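Could you walk me through this structure in my viewer? I am new to it, and I would like to know what to select next and what is there.

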Amino acid sequence: MTAVTCELCPRGCVIPEGAAGDCRIRVNLGGRLRATTYGRPSAVHIDPMEKKPLYHFLPGAPVFSIATAGCNLHCLNCQNWQLSQRGGEEMEEIYRLDPPELVRAAREEGCRSIAYTYSDPIVFYEYVYDTAELAHAQRLANCFITAAYINREPLRKLCGVIDAVNADLKAFDDGFYRRVNGATLKPVLDALVTMREEGVWLEVTNLLIPTLNDDPAMIRRLARWVHDELGPGTPLHFSRFQPLYRMRNLPPTPVETLDLARREAKDVGMEHVYVGNVLGHEGNSTYCPRDGTLLIGRVGFMITHYALTPDGRCPSCNERIPGVWRSAELFGEQP
Amino acid sequence: MTREPDRSSRQPERRRVLALLGGLGTLGLLLPWLRTSAPARPVQREISLHEADFYRPHDLAG
């Protein structure tokens, strides 16, 4: 009987033969670890880029979005728990979509990018990597939507094929991570710094849950850390909580709390601070940090106004807005 | 007195058509049953599972 140690994420699961890791989908069969959902997504959709949310990366582009079962976190408020908190054998739908078929399907649907999303794509790492490599060869961008609970070595390798990340920073408190997510804070912070070092486009989302992580002092510490370690131009999204899964006892986040978080983050110098899950809020839109010009107006996931210059500058003051605004910035001009 | 027309020469042809129709009907009724009552067969080809990256044998002594 050969047990194996999975070194993908900080859990470091020791998996006896015939058993699965904490994520439910990485299984030890005969002393070899198998990624059981490779090529077998259970969610396949076309979403707008704004839904990820990625606000400074190819705005308005449709993204071919996939996920398989399983997750290495166990958030009490998970909004995709039917997918993330179950194993592959429990899925109502399993598609057979190997990397070449997936890339072909994305192209046929007119998508110039693929998002690995919904559950945490860390757990279907090999499927992401192989698909992303093929996608790049065909000038498709790769977006990775994650809670960033991953070890450094696999992350560095992955960054070579990933173009944009939206990472959840769930709270600036290790106790919160342990109680609510079944994880720890430090590896997440390390992963965000690694992503920045590797030059991947990075946006950060913080879901504010009433009474659990909405303390203004904690929000300020979080924003200051993002400012100092990732840079003031990093888009920071404060997202509204909705009562879901095992956390139905708390109300949705009051809009005033989101406004307050936005002010705190701007106060420490963050330049692009957004409010998510509140339709029509002014914090859905992008403004020039220098002169306040409305650059990209959004209502929900819809773009209602676009004033950036083709090279991503404010049309009034010529301030360069950080982001990836055209796919030519990733792949060069189309030959 | 009228006489029935002699149709005896056409009787064998009709019998064949009726037999064919009857046979097809029986087959149509039996096919679904035959299909469901077929003995279960083992899966002929195992679908391979992709080997994961980033793992090592666990050192129980360590």
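Start by selecting helix 4 of chain A, residues 152-159, and helix 6 of chain A, residues 185-197. In this predicted model, their axes come within 10 Å and cross at roughly 30°. Angles under 35 degrees count as roughly parallel, so helix 4 of chain A and helix 6 of chain A are roughly parallel to each other. Turn the view a little and look at how they pass: the crossing of helix 4 of chain A with helix 6 of chain A is right-handed.

Now show side chains where the two helices touch. On helix 4 of chain A, pick R152(A), L155(A), R156(A) and C159(A). Across from them, on helix 6 of chain A, pick D190(A), A191(A), T194(A), M195(A) and E197(A). Colour this contact by class and you will find four nonpolar, one polar and four charged residues.

Next stop: a sheet that involves both chains. Select strand 3 of chain A (26-29) and strand 1 of chain B (50-51), which are the edge strands of an open sheet of three, each pairing on one side only. The order is 3(A)-4(A)-1(B), with antiparallel pairing. Zoom in on strand 3 of chain A and strand 4 of chain A (residues 32-35), which are joined by four bridges. Within this pair, find V27(A): opposite it stands R34(A) of strand 4 of chain A.

Finally, select chain B on its own. Following it from the N terminus, you meet its elements in the order α-β-β, that is, one helix and two strands. Of its 62 residues, 5% count as buried.

Key. Residues numbered from 1 in each chain as written. Chains lettered and ligands numbered in written order. Predicted model: local features only at pLDDT ≥ 70, side-chain atom pairs only at ≥ 80, totals over all residues. Heavy atoms only, no water. Axes fitted to C-alpha atoms, helices over the stretch in contact; angles between N-to-C directions. Parallel < 35°, antiparallel > 145°, perpendicular 65-115°, else oblique. Left-handed = near helix turned anticlockwise from the far one by under 90°. Contact = heavy atoms within 4.5 Å. Nonpolar A, V, L, I, M, F, W, Y, C, P; charged D, E, K, R; others polar. Pairing = 2+ DSSP bridges. Buried < 20%, exposed > 50% of the residue type's maximum accessible area, 1.4 Å probe, protein only.
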